[in-house]
Structures are given as C-alpha cells and as structure tokens.
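I set out here, in order, what I looked up in the structure. The entries are brief and are meant to be read beside the model.

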There are 4 protein chains.
Amino acid sequence: MSSDALTVAEEAHEAVRSARNSVRTRQILRAAARLMARDGSDAVSMQALADEASVSVGLIYRYFGNKQDLLHAVIAEVLDDLAARVPAAIEAAGADPVRRLAGGFRAYCEAIADHRHAALLTYRESKALGVEASERLKKRETATVLPLLHTVEQGVAEGVFAAGVHAELVALDLVMLAHAWALKHWYFEAHYDLDTYIARQTAIGLGALIVPERRADYPDLLDIR
Amino acid sequence: MSSDALTVAEEAHEAVRSARNSVRTRQILRAAARLMARDGSDAVSMQALADEASVSVGLIYRYFGNKQDLLHAVIAEVLDDLAARVPAAIEAAGADPVRRLAGGFRAYCEAIADHRHAALLTYRESKALGVEASERLKKRETATVLPLLHTVEQGVAEGVFAAGVHAELVALDLVMLAHAWALKHWYFEAHYDLDTYIARQTAIGLGALIVPERRADYPDLLDIR
Amino acid sequence: MSSDALTVAEEAHEAVRSARNSVRTRQILRAAARLMARDGSDAVSMQALADEASVSVGLIYRYFGNKQDLLHAVIAEVLDDLAARVPAAIEAAGADPVRRLAGGFRAYCEAIADHRHAALLTYRESKALGVEASERLKKRETATVLPLLHTVEQGVAEGVFAAGVHAELVALDLVMLAHAWALKHWYFEAHYDLDTYIARQTAIGLGALIVPERRADYPDLLDIR
Amino acid sequence: MSSDALTVAEEAHEAVRSARNSVRTRQILRAAARLMARDGSDAVSMQALADEASVSVGLIYRYFGNKQDLLHAVIAEVLDDLAARVPAAIEAAGADPVRRLAGGFRAYCEAIADHRHAALLTYRESKALGVEASERLKKRETATVLPLLHTVEQGVAEGVFAAGVHAELVALDLVMLAHAWALKHWYFEAHYDLDTYIARQTAIGLGALIVPERRADYPDLLDIR
DNA sequence: CATGAATGAGCCTTCATTCAT
DNA sequence: TATGAATGAAGGCTCATTCAT
C-alpha cells in the first residue's frame with residue numbers, strides 16, 4: 001500500500017518532470033529555430049538564444065549538450081514534420097495518383113512554409129554539424145522524397161503520367177520547388193501568397209507529367225487564371 | 001623633358017601597380033572563393049585566407065576593406081559570370097525559343113557548376129553581408145532570371161509554349177533547378193554527371209512548356225533514354 | 001505526560017537525525033576525499049561529488065556550507081588521524097627514544113599512506129581555502145611535528161642522539177620524508193613497498209642521529225640488507 | 001650583391017624578430033611563473049596573466065598554444081635550471097665527494113629557492129597537464145637526482161660514505177629536502193634564512209653519510225653552532 | 001530533509017582589425 | 001607596398017550556488 005502510494009507519488013513526480021522537460025525543450029527549440037534560421041547558427045550567440053527563449057544559458061546546456069546538438073534538433077524537427085505530414089496527405093487524397101501527388105506536394109510546401117526559417121538551415125549549416133550528424137540528416141532528407149517518388153511511379157504505372165519521364169528527378173524537383181518557397185522567400189513574398197504559389201507550381205509540375213489525353217480530367221489543377 | 005620622363009615613369013609605375021593590383025585582387029578573390037565557399041565565410045579566418053592566397057593579412061585589408069566586402073566580391077563574381085554567359089548562350093542558340101531556352105538553361109547550369117561552392121554562399125551568408133549589400137545582390141540575382149523569362153515569353157508568343165503557363169514562375173523554377181545542382185550536389189554527384197543532369201532537367205522543363213503538337217519537333221531535347 | 005512523550009519522541013528524532021547526519025557527513029566526506037584528492041579540488045564539480053556520494057547537490061550544501069568548507073573538512077580529517085596515531089605509536093613503543101622515534105615515524109608514514117591522495121591536497125589547495133582556514137590548517141600541520149620533535153629532544157637528553165644535531169629540523173625532515181611517500185608516489189611505487197620505504201628511511205634518519213657508540217644496539221633498525 | 005644585401009636584410013629582420021620573440025616569451029613566462037605558482041594554475045585566469053605580463057590575452061596564445069603549454073613551459077624552466085646548475089656546482093667543488101655533494105646540494109637548494117613558486121607547480125598540476133606532458137616532466141625531474149646520486153656512489157666507493165647506506169634513497173631525500181624549502185616555505189621563512197637552512201640540512205645529511213672516522217675532516221660542514 | 005532545475009558570472013580561446021616597421 | 005605582431009571584444013561552455021517543490 002505505502003509502496004503503491006510511493007510509486008504513485010513517484011510517477012506523478014516523473015510525469016511533472018517530463019512535462020516540464022518537454023515544455024523547456026519546446027521553448028528552447030522554438031527560439032533556436034527562430035533565431036538560427038533567421039541569422040544562421042553561427043551568427044546567433046547562446047546568450048541570444050537564451051534571451052529569446054527566456055531561460056538562462058546554462059539551462060540550454062542541460063537540455064542540449066551543445067550548440068551543435070541544438071542546431072541538429074532544430075533541423076530534425078522539420079524533417080520529423082515532413083515525414084509525418086506528406087505521407088498522411090497523400091493517403092488522405094484518395095486513390096488517384098494525380099490527386100495524391102498534388103496533395104503530397106501541397107503538404108510538403110505547407111510544412112516548409114511552417115518551418116520556413118528552419119528549413120534554410122539544412123542548406124547553410126552542413127559544416128556546423130559534425131560529418132556524421134550531417135550524413136544522418138541528409139539521409140533523412142532524402143527519405144522525404146520517397147512518398148512523392150512512389151506516387152509518381154504509381155501514376156506512370158497507371159498511365160496517367162508520361163512514361164518517358166524520369167520519375168526520381170521529377171520527385172526531387174518537386175521537393176526542390178517546395179524548398180524554393182523558403183530559399184527564395186525574399187522574392188516570392190512580394191509576388192505570391194502560399195496558396196497561389198502551390199497552385200501555380202502544381203499546374204507546372206503536373207503539366208510536365210500528365211499525358212495530353214488526360215489533362216481535361218483535372219481542370220481544377222491545371223487551369224490557372 | 002624631365003616632366004615628360006617623370007610622366008612616363010609614373011605611367012609605367014601606375015601600370016605596374018595596377019597590374020599587380022589586379023593580380024593581387026584575383027589572387028585573394030580566388031582564395032576567398034575557394035575557402036569561403038567550402039567552409040562558409042564564418043568558418044574561414046582572415047589568416048587562413050591570407051595563407052591560401054600567399055599574402056599577408058594586412059594586404060587583404062588594403063584591397064578589400066573588410067571581410068564582408070570580400071565575401072561580397074566573391075558572390076558578385078558568380079553573378080558577373082551568369083550575367084555574361086546566359087545571354088550569350090541564348091543568342092548563340094539561334095532564333096527558336098525552344099533551343100534558346102535550352103541553351104540558356106544549359107549555360108546557367110554550367111555556370112553554377114563552375115562556381116558550385118561560391119553559388120552556395122548566396123544562400124548561406126545573407127546575414128554576414130550588410131542589409132544593403134544583401135539587397136543589391138538579390139537584385140542582381142533576380143536579374144539573372146530575365147534572359148530566361150524573356151525567352152519563355154517569346155516562346156509563348158510564338159505558340160510553341162503553352163499559353164496557360166505562368167512564364168515568370170517557370171523561369172524561376174528553371175533557375176532554381178540550376179541552383180539545385182549546387183544545393184543538392186551531395187546527392188546528385190552520386191547519381192548523375194552534369195550533362196545527364198542538364199539533359200534530363202531540360203526534358204522535364206520543356207515537357208511542361210511545349211504544346212503537345214510541337215513536341216515531335218524536338219526529339220533530341222525531349223526523348224531521354 | 002504528553003509532554004514527556006513528546007520529549008521522548010523528540011529525543012528519538014534527534015538521535016535519528018544526528019545519526020543520519022553523521023552518516024551523511026561521512027558519506028560526503030569520503031566521496032570528497034576520494035575525488036578531490038585524486039583530481040584536485042578544482043577539477044571536481046559539486047555534481048560529481050554528489051554523484052559519488054549518492055546524494056543530491058543541494059544536500060552537500062546543507063552539511064557543508066560551500067566547496068571550500070568541504071575541502072577544509074577533508075584535509076582536517078587527515079590531520080585528525082595524524083594527531084591521533086603518531087602520539088599513540090610513540091607511547092606504544094616503550095621508553096627508548098630510538099624505538100619511540102622509529103615507531104612515531106612509522107605511524108606517520110602509514111597515516112600518510114592511508115590518506116595518500118588527501119595528503120596532497122595540503123600542498124595543492126592553499127588558495128582554494130580562505131587565508132584564515134589555510135593558516136589554521138598550517139598550524140595544525142605544524143603541531144603534528146611536535147611528538148617527533150619531543151622524542152628527538154628526549155634522545156638528545158639521554159645521550160643516544162648526537163648533541164650537535166638540530167632537533168627541530170630533524171623532526172621536520174622526518175615529516176617531510178613521510179610526506180614524500182605521497183608527494184613522490186609516482187616514483188616510489190615502482191621501486192619500494194611501504195614497509196621497505198619506512199625501514200630504509202628509518203635507517204637513514206637514525207644514522208644521522210644516533211651517536212656512533214650506540215649504533216650497535218640497534219642492528220634491526222640500522223642494518224638494511 | 002643585391003641578393004647578399006637581401007640576405008643581410010633578411011637576417012637582420014629575422015634577428016629582430018627572434019629577439020622580440022624571446023623577450024615576449026620571457027615576459028610572459030615570468031608572469032606565469034609568478035602567478036601560477038602563487039595561486040595554482042587553475043586559479044589564475046589568462047586575463048590575469050596577460051595583465052601581469054603587460055600584454056594582451058591574444059598575444060599569449062601566439063607564443064604558447066594554450067594554458068597547458070604555458071604551465072608546461074614554466075615547469076620546464078625550473079628543470080632546465082636545475083639540470084644546468086647542479087652538475088656545474090658539483091664539478092666546481094673539486095674532487096672530494098663530500099665537498100662535491102655539499103656543493104651539489106647547495107646548488108639544488110638555491111635553484112629551488114630562485115624558482116620557489118614555480119617549483120611548487122610540479123606537485124600541484126599533474127592533472128592540469130596532459131598525461132604525456134606530465135610523464136615527460138617526471139622523467140626530467142627524476143634525472144635531476146642523478147648528479148647527486150653519482151656523487152654519493154663515488155663517496156661510498158672512496159670509503160668516505162658509509163657502505164651500508166642506500167645511495168639512491170639518500171639522493172632522493174636530499175632532493176626532497178631541497179624541495180622542502182619551497183613546499184614548507186611558509187614555515188621556514190619565519191625560522192631560517194636560506195643559507196642557514198642549507199648549512200643545517202647539509203650537516204644532517206652528511207651526518208647520516210660520512211663514516212665516523214672521517215667526520216673530523218669536515219668540521220666546517222658538520223659543526224653547526 | 002532532500003532534490004535537482006535554474007541561474008549567471010567567469011573562464012579559455014578565437015579572430016577581425018589595426019598599425020608600427 | 002607589404003608584413004605580421006598586437007589588441008581586445010565576443011563567443012561557447014562550465015559550474016558553484018540557490019531555491020521552489
């Protein structure tokens with residue numbers, strides 16, 4: 001009984017601690033994503049991160065061993081989100097490869113837009129991470145292409161996408177164009193909102209893929225005013 | 001007489017100095033491009049640059065006011081090259097918008113490949129440059145899109161490119177895919193050589209643009225084995 | 001009645017607390033002696049001490065006000081041991097000053113050997129302690145020489161030790177040679193065991209003290225093979 | 001000719017630089033010896049060292065790679081001095097092993113006294129140095145015993161020192177007593193000056209060594225008032 | 001009593017920039 | 001011109017100490 005009580009107390013204690021942990025982690029991660037992505041991880045001091053997160057410098061080191069680990073965690077979060085949202089969106093789009101691809105591409109773009117600043121870090125901080133960490137992240141990034149790639153291949157198999165197309169490169173290009181929203185945001189923000197951007201890129205991308213005789217089936221995706 | 005002699009001597013001196021000047025400049029710029037592009041401008045010390053260029057630190061400050069200016073100069077060189085090579089290639093391709101676009105895209109890719117490391121700096125060092133310098137470079141980068149954009153518009157006007165296509169975005173996408181060679185080089189280098197990359201991207205890009213009834217005219221550009 | 005009961009309960013409580021107190025104190029002190037002596041007090045963090053003692057950092061501060069006090073307590077323990085063991089050994093050796101001195105020296109060496117690591121702290125941490133604490137410890141250390149000094153003086157008075165010898169310095173030298181076991185342990189450990197060390201140092205020390213005509217009386221102390 | 005001139009200029013330049021180098025080195029080394037030895041290397045900040053040496057922090061790092069190297073250099077200087085002065089003093093003392101040993105011991109003590117603070121570092125900073133550096137210094141320290149050891153052995157061979165004595169340990173003890181001047185300086189400074197200290201320790205040490213029938217030959221070394 | 005999360009001052013080290021030569 | 005010694009501000013990180021729970 002008393003041992004049960006103790007266990008319960010301990011569990012409660014553990015729960016409190018782990019909850020606080022995750023709050024802190026999120027707090028710091030968010031601040032780091034914001035500042036590092038905006039200015040580059042080198043340009044942001046740990047003091048600045050601490051200030052932005054409203055914690056002390058020392059505390060950051062309790063949750064993330066060093067600056068590198070923090071950077072790694074920020075990038076990993078984006079990849080986690082991509083890995084979750086893109087496949088889900090594809091499934092949610094039904095059976096038609098065209099709609100699946102459009103859905104997946106939209107999800108990819110939206111995820112990038114949500115983490116716009118952090119997404120840039122991948123391109124900037126290869127050196128700031130260790131080689132191994134860098135390799136691991138590259139592998140994970142490569143993996144985010146696969147859902148789109150499989151959908152393209154499905155479309156080719158079903159005859160709705162042109163057979164001659166290089167499926168892998170098309171998938172990579174779509175990913176690249178999603179990233180472009182972050183990479184060239186300074187340009188796009190003055191000319192498009194995200195929805196317009198996605199719609200137009202979808203039209204261009206599907207235009208390169210769908211065989212002529214099936215284009216009439218997707219006026220909503222292909223006809224942009 | 002003596003004044004003439006002096007003038008001559010002075011001119012000679014000027015010439016020598018200017019020659020040496022430009023030699024020094026080039027020497028330093030090349031070293032900076034190499035090191036900064038490889039490791040990021042933050043990660044390279046002025047001492048390392050001086051060593052690589054076989055000059056003293058102090059001398060770098062004589063030719064470039066500070067590290068920022070040096071970085072700026074490195075990036076500007078890439079843009080200079082693009083501004084020179086892409087329009088030239090378009091002109092060299094003749095009158096057909098399809099061939100002009102393919103030529104321009106190829107030139108863009110090749111220029112990026114030639115400065116692969118330095119091209120990345122644009123994406124990495126927005127903060128390391130001042131805001132104004134950054135703006136100036138962005139404008140110049142935007143300008144590199146124009147030759148391709150005009151070619152797309154020409155193609156639309158001539159009816160070989162689909163009218164519904166958003167010309168500006170297509171041009172930007174092509175530029176983006178050229179940059180992708182540098183941005184994702186860690187991936188592409190294991191899968192494609194530059195020529196294959198250009199050929200396949202050209203096929204995809206033109207596939208999205210050329211109207212169905214004209215595709216048969218460009219089997220060399222559209223049919224990839 | 002109830003007040004009596006309370007008193008009893010309080011006493012029990014006090015006893016428990018005090019017992020736990022001393023257990024805790026010993027626990028922490030032992031851990032501190034081990035780690036500080038091995039690595040130097042600067043090199044050991046309070047967290048490491050807490051871990052080694054299986055308590056929390058906060059608890060250390062309840063028993064020892066701060067790191068300095070803890071260091072002080074560790075050193076004081078060695079001096080306590082010396083103050084207890086050396087006089088006891090001298091008394092246990094009987095009336096002969098020669099045997100008393102040999103016994104005291106042996107006890108001194110053995111005590112140092114038992115606290116070899118901690119004994120070094122005296123020489124390393126003068127600054128880490130406050131000035132006053134440092135002075136206090138120095139006085140106590142000086143006091144550990146007295147039993148040996150008195151024994152030397154007794155020997156001189158009894159005519160077994162040479163009159164011309166500087167008694168105080170001889171006593172200090174003996175203490176120094178005892179400390180040497182700790183100070184130069186990296187050297188001695190490869191060449192002598194503690195017993196051999198003591199025997200040989202005793203022979204040398206007594207050789208400098210005993211008058212020639214009495215040497216034959218102590219073949220066991222003076223003749224080393 | 002002009003090449004000769006150049007060489008001369010270069011040599012002059014080199015000479016100036018190397019002179020300045022050695023001045024700086026000495027300047028920093030002296031400051032480091034002073035502060036590190038007094039307070040322990042951990043307790044002294046690089047800023048404090050820089051201030052004491054009247055140079056900037058950065059400059060220290062030009063001459064000594066890091067704090068560890070600086071500490072190493074400080075200790076090495078003491079050992080250098082010992083390695084030079086002790087053998088020289090022994091040779092200068094003539095052929096008699098007794099006078100040679102006395103001379104060597106005096107030189108050892110004087111060298112320690114000259115570097116009193118720095119000599120302490122050996123005992124305090126084994127951890128602050130790397131393991132290899134520490135080993136190297138220990139070997140060099142061991143080597144400083146050899147001149148005294150050889151002199152003791154010579155004395156035994158010539159019959160002036162007792163045959164039964166453990167020569168190696170005696171030599172080590174003498175070294176230890178020399179170090180004691182630094183280790184226990186807080187005590188000795190109130191009781192002896194260096195000359196008195198040396199004289200008395202010499203009397204004690206030789207008292208333990210010289211055979212009874214030869215003692216009358218060295219009244220100046222053995223008779224202390 | 002006991003815990004350990006949180007703080008922030010301070011340390012070692014690097015490096016852009018200057019300037020005497 | 002050209003050099004590189006010298007400077008010192010700033011950054012990453014540690015850890016003694018405190019305090020809410």
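The entries below go from the conventions to one chain, then to the pairs of chains, and last to single residues.

**Conventions.** I note that this is a predicted model, in which local features need pLDDT of at least 70, side-chain atom pairs count only at pLDDT 80 or more, and totals for chains, interfaces and linings use all residues. Residues are numbered from 1 along each chain as its sequence is written, chains are lettered from A and ligands numbered from 1 in the order in which they are written, and side-chain values use heavy atoms, with hydrogens and water left out.

**Chain A as a whole.** I looked up the secondary structure and found 11 helices and zero strands in chain A. Helices here are DSSP runs of H or I with at least four residues, strands are runs of E with at least two, and both are numbered from the N terminus. Along the sequence, I read the pattern of chain A as α-α-α-α-α-α-α-α-α-α-α. I recorded a box of roughly 70 × 50 × 35 Å for the C-alpha atoms of chain A, taken along the principal axes.

I then asked what share of the 225 residues of chain A counts as buried. The value is 48%, where buried means under 20% relative accessible area, exposed means over 50%, and partly exposed lies in between (1.4 Å probe, protein chains only). Chain A exposes about 10500 Å², and carbon and sulfur atoms supply 53% of this area; the areas come from the Shrake-Rupley method with a 1.4 Å probe.

I also looked up contacts, meaning heavy atoms within 4.5 Å. Among the contacts in chain A with a separation of 6 or more, 69% are between residues 24 or more positions apart.

**Pairs of chains.** I began with a general point: two copies of a chain are related by a rotation about an axis and a shift along it. Superposition is by least squares on the C-alpha atoms of residues with pLDDT of at least 70 in both copies. For chain C on chain D, I noted a rotation of 179° with 0.2 Å of shift along its axis, at an RMSD of 0.4 Å. The two copies are therefore related as by a two-fold rotation axis. In chain C, A208(C) has the C-alpha nearest the axis, 1.9 Å from it. I found that 92% of the contact residues of chain C recur in chain D, and the same surface serves both copies.

Chain B can be laid on chain A by a turn of 179° and a shift of 0.3 Å along the axis, with an RMSD of 0.4 Å. In chain B, the C-alpha nearest the axis belongs to A208(B), at 1.9 Å. Since 95% of the interface residues of chain B are also interface residues in chain A, I recorded that the copies meet through the same surface.

Which chains did I find that do not touch? Chain B and chain D do not, and their nearest C-alpha atoms are 13 Å apart. No contact joins chain A and chain C either, and their closest C-alpha atoms lie 13 Å apart.

**Histidine 179 in two chains.** I located H179(A) in helix α8 (residues 167–183) of chain A. Is H179(A) buried or exposed? H179(A) is buried, because its relative accessible area is 5%. Leaving out residues up to four places away in sequence, H179(A) touches Y108(A), I112(A), Y123(A), E141(A) and K184(B).

In chain C, I located H179(C) in helix α9 (residues 167–183). H179(C) is buried, with a relative accessible area of 7%. Beyond its neighbours within four places in sequence, H179(C) is in contact with Y108(C), I112(C), Y123(C), E141(C) and K184(D).

**R85(C).** I placed R85(C) in helix α4 (residues 67–92) of chain C. R85(C) counts as partly exposed because its relative accessible area is 26%. Not counting residues up to four places away in sequence, R85(C) touches A107(C), E110(C), A111(C) and D114(C).

**E52(A).** I found E52(A) in helix α2 (residues 46–53) of chain A. With a relative accessible area of 31%, E52(A) is partly exposed. Setting aside residues up to four places away in sequence, E52(A) touches A31(A), R34(A) and L35(A). The C-alpha atoms of E52(A) and P87(A), 35 residues apart along the chain, are separated by 33 Å.
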